[in-house]
Amino acid sequence: VDFVEDNDGRTTGTGKFDLSAADSIIDSPPHNKEYFRNHLIFLENYWSKVTNGKLIVKGEVLDSVIHLTQKMQHYSSPRSSNTFAETGNLVQDTWQLVDSLNPGIQFSQYNSFCIFHAGAGRDIDLVSVYGYDPTPFDIPSIYLGLKNLQTIFGSGYQGVSVDSGNFFIENSMVLPETENRKLQAIGGTALLQLGINGLLAGTFGSYLGLPDLFNTKTGKSGIGRFGLMDGQSMFSWSGLFPPEPSAWEKYYLEKIFDKKGIKLGILKIIDVPPGETIANIPAVGLTTDLDTIYRVPVSAREYFLIENRNRDAMRNGSTVTMQYNGQTIQKYFPRDTTNYNAFDQGAIFGVVTDIDEFDWSLPGGVTKEGIFYDGGILVWHIDE
């Protein structure tokens, strides 16, 4: 969706999608149907790989842009909002307009719904850069489920009514076309390049039922770059690709599906008996079947989860697949190097659609002595 065009400096862009010529930057324009389809391909590849093919995601993109009749500011919920009512209005206005313009859509065949909007998301802490937020009316990226929508529209709300009242859309992911933006710097402007892949994967995690693992009031990190549902992970490697979900996130996801009567089967959970135990734990991503984790009970509601995470479990370097200007490009990196490391991704451009091991996004790198370190045993202390 896009908005009524404006030149309001308090929002990023003009309210319209960037359809300019391709440039050698992350998430390069033009931001057209192919661009968003490529991001959905990344989402498909991410969830298939991190669940060893057990969770299959298939997405479709509408053929045309939906033009809303309000400016972007109209849908921007303030930072202090507890309900995100304005963004809820974006969800309702969007799907009602989609329904009226596309009467043949079979909404009932879809499980989750996503709105990509023109402009950048209000997801970056610009206050720490400028001392204030120069674009306070950008739209926050968010997942709104039925309970969130009922908070906005009332407890009896069933979702956005479409298909003549035969179907109700109960959820929506609201995401921007880009997280790239120009920052004012001494001597001119500098382009901050951030991809939306991590944000897309994490927001879909919210749809699946995974909770945020960071402070949702302050944005302070909780688990860092060791799972999925943390801002540091969603914007790890400049948002190009997050690491795999942590052992607890996968464990929790199993329980969510169990409650639905579905055996997802992505983990091999081994309970460690009392006493001394020697255990061999294969690295996540090394196996093609179930990820092995060890559960050490402490009490009736408290336990440790132990997993082995490795940035290069296959010991074959990192292979990245990108889509750029209508072409598929693959690049191989034997290790972290100039223009391909956690702080500098200058070798990457266009839309990343796949990477052979997502855990390359974990913390790690080269020590001062030049020794490459890339993984280890993670222990998660859980108190339910």
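Me: Which residue follows helix 5, and what is its phi?

Reply: In this predicted model, helix 5 covers residues 197–208. The helix is followed by Gly209. The phi of Gly209 is positive, near 115°.

Me: What should the twelve residues of helix 5 span, and how far apart are its end C-alpha atoms?

Reply: The expected span takes 1.5 Å a residue, counted over one less than the number of residues. For the twelve residues of helix 5 this gives 16 Å, which agrees with the end C-alpha atoms being 17 Å apart.

Me: How many of the residues of helix 5 are buried?

Reply: A residue counts as buried under 20% relative accessible area. Among those in helix 5 that meet this are Asn197, Leu200, Phe204 and Leu208. The helix is mostly covered, the buried count being eleven of twelve.

Me: Which class of aromatic pair do Phe42 and Phe358 form?

Reply: The structure holds 22 aromatic pairs. In the pair of Phe42 and Phe358, the ring centres are 5.7 Å apart and the planes stand at 85°. Planes over 60 degrees apart count as edge-to-face, so the pair of Phe42 and Phe358 is edge-to-face.

Me: How far apart in sequence are the parts that Phe42 and Phe358 tie together?

Reply: Phe42 lies in helix 1 (residues 33–50), whereas Phe358 lies in the loop between strand 13 (351–355) and strand 14 (365–366). Both Phe42 and Phe358 are buried. Ring pairs also link them into a cluster with Tyr46, Trp47, Tyr143, Phe204 and Tyr207. Because of where the two rings lie, the pair ties together parts whose separation in sequence is 316 residues.

Me: What is the geometry of the pair of Phe113 and Phe167?

Reply: Phe113 lies in the loop between helix 2 (85–101) and strand 1 (114–120), and Phe167 in strand 4, 54 residues apart. Both Phe113 and Phe167 are buried. Their rings are 6.3 Å centre to centre with 50° between the planes, and the pair is tilted.

Me: Which element gives the most to the lining of the second largest pocket?

Reply: This pocket holds about 1200 Å³ of space and is lined by 47 residues, with Phe113 one of those nearest its centre. The lining divides into 29 nonpolar, ten polar and eight charged residues. Helix 1, helix 2, strand 1 and helix 5 each supply at least two residues. The element that gives the most, with five residues, is helix 1.

Me: Over which ring does the charged end of Arg311 sit?

Reply: A charge counts as over a ring within 6 Å of the ring centre, given a suitable angle to the ring normal. The charged end of Arg311 lies 4.9 Å from the centre of the ring it covers, that of Trp360.

Definitions and conventions. Residues numbered from 1 in each chain as written. Predicted model: local features only at pLDDT ≥ 70, side-chain atom pairs only at ≥ 80, totals over all residues. Heavy atoms only, no water. Phe/Tyr/Trp six-rings, centres within 6.5 Å; stacked < 30°, edge-to-face > 60°. Helix = DSSP H or I, 4+ residues; strand = E, 2+ residues; numbered from the N terminus. Buried < 20%, exposed > 50% of the residue type's maximum accessible area, 1.4 Å probe, protein only. Lys NZ or Arg CZ within 6 Å of the ring centre and 35° of its normal. 1 Å grid on protein atoms, 1.4 Å probe; cavity = no way out; pocket = protein on both sides within 12 Å on 5 of 7 lines; lining within 4 Å. Points joined across faces, edges and corners; volume = space filled by probe spheres on them. Nonpolar A, V, L, I, M, F, W, Y, C, P; charged D, E, K, R; others polar.
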